[in-house]
Amino acid sequence: MYKKGLYTIVSNTPLTPVVYRMVLEGDTQYITNSGEFINIELSGKFLRRPISIADYDERTITIIYKVVGRGTEQMKNMQAGEVLDILTGLGNGFSTNNDAKRPLLVGGGVGVPPMYNLCKRLLGEGKKPMVILGFNTAAEIFYAEEFRALGVDVYLSTADGSEGTKGFVTDVIREKALEFDYLYTCGPLPMLKALYDATESPAEFSFEERMGCGFGACMGCSCKTKYGNKRICKDGPVLKREEIIW
Amino acid sequence: MVKHYDTSVELCGVKLDNPIIPASGTFGFGREFADYYDLDCLGAISFKGTTRDARFGNPTPRIAECEAGLINSVGLQNPGIDKVIAEELPHLRSIFHKPIVANISGFSLEEYEECCAKIDKEEQVEIIEVNVSCPNVHNGGMSFGTQPESAAEVTRRVKSVTTKPVFIKLSPNVTDIVSIARACEDAGADGICLINTLLGMRIDTMRRRHVIANKMGGFSGDAIFPVAVRMVYQVANACQIPVMGCGGVSTADNVIEMMMAGATAVQVGAANLKNPYAAKEIIEALPKEMERLGIERLSDIIGIVK
C-alpha cells in the first residue's frame, strides 16, 4: 500500500561529487520492506522521481541518489527544512522469508543504497550477510564504511583496480571464493546479468526501468517474465531468479 | 445557509454525479487507486484500452518526460477482452458502483465489432468508448481515426452490434477534426470523446538517440490542454451529439473551461499519473470553483461560450 505525504528534508549532503544522501522526516508507516522506493514530486517537473530507499526508521527515510539529470540536479540544491510531496510504500522489495543463513548482497554504483537496509534487516533476523560493492573507480566509492560499521564482511571491486579487486563484482566472488546460499543484488543491467550467469543460488534482482506513475497505473515500465507481464514499479522492482527473461 | 452546487450531468441518458471521468490508460481497471480513495466519488471510469487479444505493447523504455507532460508508447498493453470481462470487470464492479465506460481498441473492423459485441452483453458497462486514435500501434486504431470514411465505418460496425451508447474517441493528429466527428455522428455515434494524445518525440541529446524505444509516442499532460479545448469547441459546435472532453485537465478550473467549450463530461488523464488523488481533488474543488464563478448547476454552462 502506498501513500502520498509531505516530508521535510533533514539533511542533503554529498557522499561523492555526484552522489548525495538525503534524509527526510515524515510518515514511514507505509514502508514495509527493504528494496522499496519512493516517488518524489519536484516543482516544474511533470513526472515524479523514483528513488530507492537506502534506510528508514519510525520517522525518517534515507535516500542516496546520483545526479544524472535535471531532476536530480534540482534535488542536489535542496536545503534542510524544504518540504517535498512524496509517495511512499512503492514496489515489492526483497523477500527475506527464506532459510538462507549466509546471503550475499551485491550493489553496483547507485544500486548500492537498497542493500544497506536489507543488510540491517538480515542481521536483525540472525543471518550472516556479506557484501560486495562495485564501482568504476575509487573516487566513486560510497557507503563502504557504513556497511563495515554494521559488522559485516565488505568486499570492493573497481573496474580500474584503484581499490579492492580489479574488475567486476563477479571477479570478487571468484577471487575470494565466496560461499553463499542466497543472492540479493541491485545495479546496472549488465552487472545483474553477469551475476545471474555466474551464480546458481536462489537470487533476487532489483531492476530499473523508466517509469510514468510509479504505482502501477500507466503500464509504462512493464517487462516480460516467465510468470507473465509484470510492472517494474508495482510487481517489481525485485524479481526472483526463476522468473527472469533476459 | 450553504448553497447547493449541482455537479451532475447526463451523458446519453446516463446520469453522472459529476462530469469527472478518469481517462482510459491512466487508471488501469481502478485497482491501483481503490486503496487510496473511494472510487464512488468519480462520475464514471473509463477503463484501460482493451483489444481482442492480450497485448504486451511496445518495447521499453516507453515513457519520456516533457515540459508539462509526458510521452508514452505503451501500445495498448491489456489482458484481452475475454479476461477483462471475466476478471477485471467484476472486480471493478466490486470496488466501483457508478457508470463504467468500456474503452475498446482494434486492428480491424472485425475486431472492433467482436469486442463491442462481447462488451454489449455486460450489464456493468453503460457506455462504450471506441478508440480509433491510439498513436502507438502500427496499422492500428489511429489509421481508422484519421479519415472520415474509416471512422464512420468503425462507428457503423460497432453500432450494429450494441445498443449501448457509443462514443468514438478521436485523434488530434488530423487536419480537419470536424469532418471526422461529423462523419461519426452521421454513422450513428452517440457521442464523441476527444482528444487522444498528440504524436510526439524526444531525443536524448547526450546519447544521440531516441528516448523512447519505439521512437514516437503520444504526448499528454497539462501542455495539451489548449489544443483539447479548441477541438472540443470545434466539434461541440459542429455536432449535435455530446462530447467528452479530454486532454491536459488537471484542475477544477480546467474542467469548467472545457465544459464552457462544449464538453458534457470531462476526462482526467495524465494528471492521475503525477498525483494519484488528482481526480478526487478536482471533484472536491468543483463546488468552490462553481461558487467563485457564480455557477449553480454545472450542466448550465455546457457550451455556453460560442
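In this predicted model, the structure holds 1 cavity of 30 Å³ or more, and the volume of the largest cavity comes to about 520 Å³. Its lining is made up of 37 residues, and those that lie nearest the centre are B:Ser24, B:Gly25, B:Asn72, B:Asn196 and B:Thr197. Sorted by character, the lining residues of the largest cavity comprise 17 nonpolar, 17 polar and 3 charged. In terms of secondary structure, at least two lining residues each come from β6, β16 (265-268) and α9 of chain B.

From the cavity we can turn to the contact between the two chains, to which chain B contributes 33 residues and chain A contributes 28 residues. The size of an interface is often given as the accessible area lost when the parts come together. For chain B and chain A the buried area is about 2700 Å², with carbon and sulfur atoms giving 58% of that area. On the side of chain B, the three residues B:Tyr36, B:Glu65 and B:Lys274 supply 25% of the area buried against chain A, which is more than any other three residues.

Polar links also cross this interface: between chain B and chain A there are 14 residue pairs in polar contact, both residues at pLDDT 80 or more, and 2 salt bridges are found. One salt bridge joins A:Arg231 to B:Glu32, whose closest N and O atoms are 2.7 Å apart. On the side of chain B that touches chain A, two or more residues come from each of α1 (31-34), β5 (63-66), β6 (69-72) and α9 (271-274) of chain B, and α9(B) gives the most, with 4 residues. The residues on that side of chain B divide into 15 nonpolar, 9 polar and 9 charged.

Note on methods:
Residues numbered from 1 in each chain as written. Chains lettered and ligands numbered in written order. Predicted model: local features only at pLDDT ≥ 70, side-chain atom pairs only at ≥ 80, totals over all residues. Heavy atoms only, no water. Contact = heavy atoms within 4.5 Å. Buried area = accessible area lost by both parts, 1.4 Å probe. Salt bridge = Lys/Arg side-chain N within 4 Å of Asp/Glu carboxyl O. Polar contact = N/O pair within 3.5 Å; in protein donor to acceptor, adjacent residues only side chain to side chain. Nonpolar A, V, L, I, M, F, W, Y, C, P; charged D, E, K, R; others polar. 1 Å grid on protein atoms, 1.4 Å probe; cavity = no way out; pocket = protein on both sides within 12 Å on 5 of 7 lines; lining within 4 Å. Points joined across faces, edges and corners; volume = space filled by probe spheres on them.
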